[in-house]
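I opened this notebook page to keep track of what I look up, one topic at a time, and to write each result down in full sentences.

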Number of protein chains: 2
Amino acid sequence: MSQRRADIIADALEELVFTGGFNDGDRLDEIRLARQFDVSRTPIREALQRLVASGLAEQIPRRGVFIRQPGPVELMEMFETMAEIEGVCGRLAAQRISETALQDLDAANARCTAAVEAGDTDGYYRENEQFHHVIYHQAGNGFLEQEALRLHRRLKPFRRLQLRLRGRMQQSMAEHEAIVAALRAGEAERAAEALRGHVAIQGEKFHLLMSSLRDAAE
Amino acid sequence: MSQRRADIIADALEELVFTGGFNDGDRLDEIRLARQFDVSRTPIREALQRLVASGLAEQIPRRGVFIRQPGPVELMEMFETMAEIEGVCGRLAAQRISETALQDLDAANARCTAAVEAGDTDGYYRENEQFHHVIYHQAGNGFLEQEALRLHRRLKPFRRLQLRLRGRMQQSMAEHEAIVAALRAGEAERAAEALRGHVAIQGEKFHLLMSSLRDAAE
DNA sequence: GTCAAGATTTTTGTATACAAGAAATTCCAT
DNA sequence: ATGGAATTTCTTGTATACAAAAATCTTGAC
C-alpha cells in the first residue's frame, strides 16, 4: 500500500484531529511535527496539504496551516447535509436494494439491539455505522457512496457526542426498524424521510449537541 | 491571495484537465512539468497532491501520478449524484428562498432566453450556471452549497457536451420556469423533483452523452 | 512608560542533493 | 534468436540548503 511517510503522517494527524488532539486554531508547526515524527519537513508538508484539502485545516499563505474545527453553525450545516444525503441514499436504495442486503440490515440491527441491552456503547456504535454503510452501498452509486462515507467519517467525532442522551439508543433502534421496513417495501419516499429524520438534528438533539460542544470546549 | 506557485500550478493543471489537455492514464511527469513551468519539482509535487486530493488524478506510490478521467459508469454516477444534490437544494430552497433571489432567478432566466434566441451558447451557459448557483445558495446551507459547487465544477467539461442536442436549450428553459414556479409557490417536493429531472441524464440525454464521449475519445 | 522604526529571529516556500525502488537495457546462456 | 538475470538508468520520495516574508525583539525618541 502506501509506503509514503507523508500518507502515514497524514493519517496520524487526521486521527489526532478526530480524537480531539487539537483545538480550533492550533497551528501545525512543521518543524515541531518533523521532530515529533522524526522526518524532515518535506513529508510533513505533504501531509499538511492533505489535511487542508480535506477541510480539516486551513492554510494561510506565508503564515502556516491551522486546525479548523467547525463551529456550531457549520456543524449544523454538515449534519443537515448528511441527513439529506442519507435521505437520497435511502430513496435510491429502496429501488435497488438486494434481498441479501436487507438481511444484512436486519442482522446489524439485531447486533445493535444486543449491544444496547448489554450497555456496550462501542458495539452499538460499530453496528450502527455498519447499518448506514450498507444503505450507502445499496444506493447503487459508487460515487455517491464515497461522498456519503466521506461526510460520515468527518462527522464521526461529533456523532459520538449525540449518543449520551437518555433513551437515545432505544429511539434510534426503533427508527432503524422503520427504515428497514420502508426499504423492504420499496417505498422510496418513506425510506428517504425516515433516514432524513433519523440523521437530522432537531429539537432536543440540537440542544444536546450544543451543550456537548460547550463541555468539550472547556 | 495565494502567491504560492504550487497553487498557481495546481490551478493551471486543473484547467488543463478540464479543457481536455490530458487523456485518461496520462502520467504527470514531475521533471517535465518542472521544466515546463520553470520551477523545481517541489511546487509541482504539491500541485499534483492537490489534483490527487480532488480526484482528478490518481497516485500510485513509487510510480507517479496519473490523470484519471471518469469512465461512462462513473460519469453517470456523478450526474445522478448531482441531480440528487440539486434536488436537495431545491427542496430546502423552496422553504428558505428570498423574494430577491426569486427575482434573480427570473432575471437569469430572461437573460438565458435572450441568449438562446441570439444563439449565444456561451452566454446561455454562463446564465444557466448563475441560475443553479443561486439555488445552491438559497438552500441556506453553506456547507451543502460548497459541496454542490464542487461537484458542479467537476462536471463542467461534461455538461458542455450535453448542450449540443437539438432543442435541448428550449426544453431546458421550460424546466427552469417550472423550477422557479415551484420555488415561488414554496412547494418543496415539486421543486426537488423538477430539479432532479432537470439535471438527471435519462433517455435521449444518456445516449447523447455516451456518443459525445466516444467522439471526444477519438 | 509608550510607541515606532529598525534589526534579528522564525517560519514558510522553493531549490537542490541524495537515497531507494522501479523500469529499461545489456549481456550471457541456451 | 530468445529468455532471463544483472546492471544501468530513471523516477519518486526524503533530506537539506537557501531565499523571502512574517513575527519578534531591540532600541531610541518622546
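The entries below deal with the protein interface and then with the DNA.

**Entry 1: what I am working with.** I note at the outset that this is a predicted model.

**Entry 2: extent of the interface.** I first looked up how many residues each chain brings to the contact, and found 29 residues from chain A and 30 residues from chain B. The area buried between chain A and chain B comes to about 2,600 Å², and carbon and sulfur atoms give 47% of that area. On the side of chain A, the residues that lose the most area to chain B are A:Arg4, A:Glu84 and A:Phe143, which together make up 21% of what that side buries.

**Entry 3: polar and charged pairs.** I then went through the pairs across the interface of chain A and chain B, where eight salt bridges are found. I wrote down one salt bridge in detail, between B:Glu80 and A:Arg96, whose closest N and O atoms are 2.7 Å apart. Across the interface there are also 21 residue pairs in polar contact, with both residues at pLDDT 80 or more.

**Entry 4: which elements of chain A take part.** The elements that give two or more residues to the side of chain A touching chain B are helix H3 (41-53), helix H4 (72-96), helix H7 (142-162) and helix H9 (188-199) of chain A. H4(A) gives the most to this side, with 10 residues. When I sorted the residues of the side of chain A that touches chain B, I had nine nonpolar, six polar and 14 charged.

**Entry 5: surroundings of DNA strand C.** I turned next to DNA strand C, which has 19 residues around it, and I noted that A:Arg41, B:Arg5, B:Ser40, B:Thr42 and B:Arg63 come nearest. Of the atoms of DNA strand C that come within 4 Å of the protein, sugar and phosphate account for 67%. The residues of this surface divide into four nonpolar, four polar and 11 charged.

**Entry 6: helices at the strand.** H3 of chain A, and helix H1 (5-18) and helix H3 (41-53) of chain B, each supply at least two residues of the surface near DNA strand C. H3(B) gives the most, with three residues.

**Entry 7: individual distances to the strand.** Which part of DNA strand C lies 2.8 Å from an N or O atom in the side chain of A:Arg41? I found that it is a base nitrogen. For the side chain of A:Arg45, an N or O atom is 3.2 Å from a phosphate oxygen of DNA strand C. With B:Ser40 the backbone is involved, an N or O atom there lying 2.6 Å from a phosphate oxygen of the strand.

Terms used
Residues are numbered from 1 along each chain as its sequence is written. Chains are lettered from A and ligands numbered from 1 in the order in which they are written. This is a predicted model: local features need pLDDT of at least 70, side-chain atom pairs count only at pLDDT 80 or more; totals for chains, interfaces and linings use all residues. Side-chain values use heavy atoms; hydrogens and water are left out. Contact means heavy atoms within 4.5 Å. Buried area is the accessible area (1.4 Å probe) that two parts lose on being put together, summed over both. A salt bridge is a side-chain nitrogen of Lys or Arg within 4 Å of a carboxyl oxygen of Asp or Glu. A polar contact is a pair of N or O atoms within 3.5 Å; within protein, one must be able to donate a hydrogen and the other to accept it, and residues adjacent in sequence count only if both atoms are side-chain atoms. Helices (H or I, at least four residues) and strands (E, at least two) are DSSP runs, numbered from the N terminus. Ala, Val, Leu, Ile, Met, Phe, Trp, Tyr, Cys and Pro count as nonpolar, Asp, Glu, Lys and Arg as charged, and the others, Gly among them, as polar. A residue is near a molecule or strand if one of its heavy atoms lies within 4 Å of it.
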